[in-house]
Amino acid sequence: MTSTKQTGRPAPLPLVETWPWARVLFADRNWVSGTTWLVVRVVLGWQWVISGVEKLQDYGPWQSGAAVQGFAKGALGNMTGAHPAVIEGTFGWNKAWLSYVADSGYQWIGPIIPIIEVIVGVLLILGLFTGIAALVGLLLNVSFLFAGNAGVNPIFALAAGALIAAWRVAGYFGLDAWVLPLVGVPWSGRMEEGRSSDHAG
């Protein structure tokens, strides 16, 4: 449903929502978008849960921060040479951050990483605050990437980015369908319209 100005003419939709495929996946709450993002959420969330649980099972190096400190020091060592594997960042911001982590930041970062990973995974699986959970996961992925650790992080980052873009519909088959309207998101009325139209057919 398009909003109307005082003149009575419908206001133009954002460009992305004029593309039919984009509306189906990112704007309209229906079984197609709901099922699509349910699969993405559960697969990505399960991977985060596994990653976090594995760290918790061997929590010692994470609790002390030694795992993070070693990771940061390794990344700093890979900044040397003509073609370094890890960039310093514009004005050296990445080097400054990794130096902080290696010097003292590891003490608080290490213990919370496994816990954050599990929380992100559980929220994605449940479809609860999906956009926020995906954003936190994306920040972790980007941090690992800037430290020179590729692995699955590019794939995770792409999936997280897609979920962030689809935050309005990604939790249609999840707790967001009930929770987000309660906290007052702008489209709470459209959520109810989408569900009503599904049942009306």
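Start by selecting residues 1-5 in this predicted model. Over residues 1-5, pLDDT stays under 50, and the model gives that stretch 11 contacts beyond four places in sequence.

Now jump to residues 188-194. Here, too, pLDDT stays under 50, with 14 contacts beyond four places in sequence. Widen the selection to residues 188-200 and you have helix α9, whose mean pLDDT of 48 is the lowest among the elements of the chain.

Which element has the highest mean pLDDT? Select residues 93-126: this is helix α5, with a mean of 96. If you colour the whole chain by pLDDT, keep in mind that its mean is 84 and that 78% of the residues reach 70 or more.

**Stop: α5 against α6**

Keep α5 on screen and add helix α6, residues 130-146. The axes of α5 and α6 are 10 Å apart, and the two helices pack at an angle of about 145°. Look along the place where they pass each other: the crossing is left-handed. To see what touches, show side chains on both helices. On the α5 side, the residues to pick include W93, L98, I116, E117 and V120; on the α6 side, they include A133, V136, G137, L140 and F146. Colour this contact by class and you will find 12 nonpolar, 3 polar and 1 charged residues.

**Stop: α6 against α7**

Hide α5 and bring in helix α7, residues 153-165. How do α6 and α7 cross? Their axes come within 8 Å and cross at roughly 150°, which means that α6 is roughly antiparallel to α7. Here α6 passes α7 in a left-handed crossing. Among the α6 residues in this contact are G131, L135, L138, N141 and L145, while the α7 residues include N153, P154, F156, A160 and I164. Which classes do the residues of this contact fall into? They divide into 11 nonpolar, 4 polar and no charged.

Before moving on, click F144 in α6. F144 is listed in the contact with α5, and F144 is also listed in the contact with α7.

**Last stop: a pair of rings**

Stay on F144 and add F71, which sits in helix α4, residues 66-77. The whole structure holds 5 aromatic pairs. F71 and F144 form an edge-to-face pair, with 6.4 Å from centre to centre and 90° between the planes. This pair links distant parts of the chain, as F71 and F144 are 73 residues apart. Turn the view until one ring is seen flat, and then find the other.

How values were computed:
Residues are numbered from 1 along each chain as its sequence is written. This is a predicted model: local features need pLDDT of at least 70, side-chain atom pairs count only at pLDDT 80 or more; totals for chains, interfaces and linings use all residues. Side-chain values use heavy atoms; hydrogens and water are left out. pLDDT is the predictor's confidence in each residue, from 0 to 100. Helices (H or I, at least four residues) and strands (E, at least two) are DSSP runs, numbered from the N terminus. Contact means heavy atoms within 4.5 Å. Axes are lines fitted to C-alpha atoms, for helices over the stretch in contact, and angles run from 0 to 180 degrees between N-to-C directions. Angles under 35 degrees count as roughly parallel, over 145 as roughly antiparallel, 65 to 115 as roughly perpendicular and the rest as oblique. A crossing is left-handed if the near helix is turned anticlockwise from the far one by less than a right angle, and right-handed if clockwise. Ala, Val, Leu, Ile, Met, Phe, Trp, Tyr, Cys and Pro count as nonpolar, Asp, Glu, Lys and Arg as charged, and the others, Gly among them, as polar. Rings of Phe, Tyr and Trp (its six-membered ring) pair if their centres lie within 6.5 Å; planes under 30 degrees apart count as stacked, over 60 as edge-to-face and the rest as tilted.
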